[in-house]
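Hi there,

Here is the structure I promised to pass on. Have a look at it first, and my notes come straight after.

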Amino acid sequence: MAENVADRKPRSKVECCGYPLSIFFIVINEFCERFSYYGMRAVLVLYFRYFLQWDDDTATSIYHTFVALCYLTPILGAIVADSWLGKFKTIIYLSIVYTVGQVIMAISTIHDLTDTDRDGTPNNLTLHIALSMIGLILIALGTGGIKPCVAAFGGDQFEDHQEKQRSTFFSIFYLSINAGSLLSTVITPILRGQECGIHTQQKCYPLAFGVPAALMVVALIVFIAGSSMYKKVSPQGNIMLKVCKCIGFALKNRFKHRSDQYPKRQHWMDWASDNYDKRLVAQIKMALRVLFLYLPLPMFWTLFDQQGSRWTFQATTMDGNFGLVRIQPDQMQTVNPILIVILVPIVDAVVYPLIKKCKLNFTPLRKMTVGMLLAALAFVVAALVQIKIDETLPKFPSAGTCQMKVLNLGDSTVNVDILGVQYTTDSFKATPYKDFPSEGAGNFIVSYGNNNTTSVAVFNSATRHTLLVKNAPTVQSLLLIDTNKKPDEGNNAIRFVNALENITLLIKAGSKELGHVLPFTSSGYALLPEGESEFVFSYNDTSERTCKVSKSFGFGSSYTVVIQNLICESQQVANLTYIEDIQPNTIHMAWQIPQYFLMTVGEVVFSVTGLEFSYSQAPSNMKSVLQAGWLLTVAVGNIIVLIVAGVSQLPDQWAEYVLFSALLVAVSIIFSIMAYFYTYVDPAEIEAQFDEEDKKKDDHEMSTIPVYDNEAHFPKQSKM
């Protein structure tokens, strides 16, 4: 019977420095779980784009669908914990689901799983996609389900006299969240950038997803290890269900009494007072007033969460060389948690006091409006950066046209005429790309002085070509097909042209074997990472010879390397000419810092203030309801990304940034009008009035309790 009415307490209460020892297990668990979640999420959109080979829009849509699901499931987790299993069992069971999801996700990234022909590309992407979707659904269910439970479970470990320690615990808990987020966002992109594989070496997504999966296993083991020390509060009934039932009854009762014969009530929730306590009705009214203000808020999260999708894609077209450190595109997301740690104390200790000294009434709702406007400004800055990036990107051929450049391997100037388009270039030089209509087979004339030849080639629509020409011993030409897109993930596409006479070369670029390249032919492309790469050239004329050359590359370039001469003796000499087909990224990733700064300041002013405002305006038993409502705004914000990105169909990315910015400005104006008419209340004061009324009612009931006179045997009214 005691088990039914009392909370389960640990067999022996163990303390460390005045804190329950159990909370250290909870803090470590939260650090590992947040590392697992944010580490996986940091590389997720690039996994979609480059491993599953989805386009930018599809990758963005699935990414934001996943994030939205992660913020919808906390409602389910709260209901299960409060109404059925309790926080402890909910955390255990959903952490197991979470861990299984992370393991499945890591398995889905192993390219060798279906790479039957061992060419480095999965042969059955459908299987990888199916495993990924199953993993992501389980992860969303797990991370969202435990989200409303872990912090509250930690708070349950303290006794009433440990209020100070409880407050410190929540600060440490929040620090563990940010520490896990920051470290994982730095580490997992580095792991992704490595190369691994059984048969072929590719970007190491299995390691990038495997480490978060391992951390989730650690999180589960650590949490279970502290089981005997936890204070486990029994389920008390879910307030959210009670609120929903009360609101449903009010609407149903109002609909039943909609005719004019029934007197009107001051508020539609007053129709619930026929069946529910007036205190509960008043508390729901206060909560609904705050929830009404939440309606415009999802638009902020629509912009905020694009840091992990659109802004990461933007970084892939930028230069990440910071001197001694080379930043991966997905690592730029670390700017946000770093700035959070710096800006939160500055804003609280410096900015707000200065505003107060200026005697400006900077209310919470005004702060939130400013935060929304700062986020909109961040997207304007992102649009300006995108415009500058677009100016540096190559202009690839459109439908109905193709592009060609001429690379002269001869010893004198060459002239080429194709469909009336003229090319002229000197020895071992290349012309720029020129456009001409693609009409299938076409004639071109190659002229070295008086020596010329006419040839036929096929030019397909929207293709790029390089025409190799030389004049010794006779005029010759060879049409190559060039890459017609920027290399993915900031890699560099490098190929080699053998301009040596009568020597076949065996070429290795980095870890890529390019095979034998005959004279006056080209190798295939090798995708090399940024930084220094080594080329190895081997050939056999009178004996086996090998030359080694190193070259440093930037991000996202494409080169045709012409091998003019090799002397592979004791003093190795390699005469190479680098023809730039696609220039490397020239806009530095540092230009993203202003937009991250504005967005982070907006987050500090908006999110931290919003949580504080919700807490201060919520009745004591409705704080979990408003927490669920706040998380719901994040989910809806990610759904808006899907809708706007799908409907807008804008041709340029910068235009989409401007569209999102304009939408947030419009929403912030609406929010400011709603805030103007909002009246701040003190829920504690209102609840105190009900306490006073209840006390008077109890006193009145006590005063009417019948007291029997033993002599007269009839009741008298008590004078108590």
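Below is what I found, beginning with confidence and then moving to a pocket and one aspartate.

Please keep in mind that this is a predicted model. The protein has a mean pLDDT of 86, with 92% of its residues at 70 or more. Ranked by mean pLDDT, helix α7 (residues 205-225) is the highest of the elements at 95, while helix α1 (residues 2-5) is the lowest at 39. Residues 1-6 have pLDDT below 50, and that stretch makes three contacts beyond near neighbours in sequence. The pLDDT is also below 50 over residues 710-720, a stretch with 16 such contacts in the model.

Next, the second largest pocket, which holds about 1000 Å³ of space. Its lining counts 36 residues, and Asp56, Thr317, Gln386, Leu393 and Gln653 lie closest to the centre. At least two lining residues come from each of α2 (22-51), α3 (56-85), α11 (310-315), α13 (364-392), α15 (623-648) and α16 (653-676). The biggest contributor is α15, with four residues. Sorted by class, the lining is made up of 13 charged, twelve polar and eleven nonpolar residues.

Finally, aspartate 330, which sits in the loop that runs between β6 (325-326) and α12 (335-357). Is aspartate 330 buried or exposed? Its relative accessibility is 0%, so aspartate 330 counts as buried, the cut-off being under 20%. Apart from neighbours within four places in sequence, aspartate 330 touches Ala42, Val43, Leu46, Thr185, Pro189, Arg192 and Thr312.

Happy to talk any of this through.

Best wishes

Terms used: Residues are numbered from 1 along each chain as its sequence is written. This is a predicted model: local features need pLDDT of at least 70, side-chain atom pairs count only at pLDDT 80 or more; totals for chains, interfaces and linings use all residues. Side-chain values use heavy atoms; hydrogens and water are left out. Buried means under 20% relative accessible area, exposed over 50%, partly exposed in between (1.4 Å probe, protein chains only). Contact means heavy atoms within 4.5 Å. pLDDT is the predictor's confidence in each residue, from 0 to 100. On a 1 Å grid over the protein atoms alone, a cavity is a set of points where a 1.4 Å probe fits but cannot get out, and a pocket is an open set with protein on both sides within 12 Å along at least five of seven lines; lining residues have an atom within 4 Å of a point. Grid points are joined across faces, edges and corners, and a volume is the space filled by probe spheres set on the points. Ala, Val, Leu, Ile, Met, Phe, Trp, Tyr, Cys and Pro count as nonpolar, Asp, Glu, Lys and Arg as charged, and the others, Gly among them, as polar.
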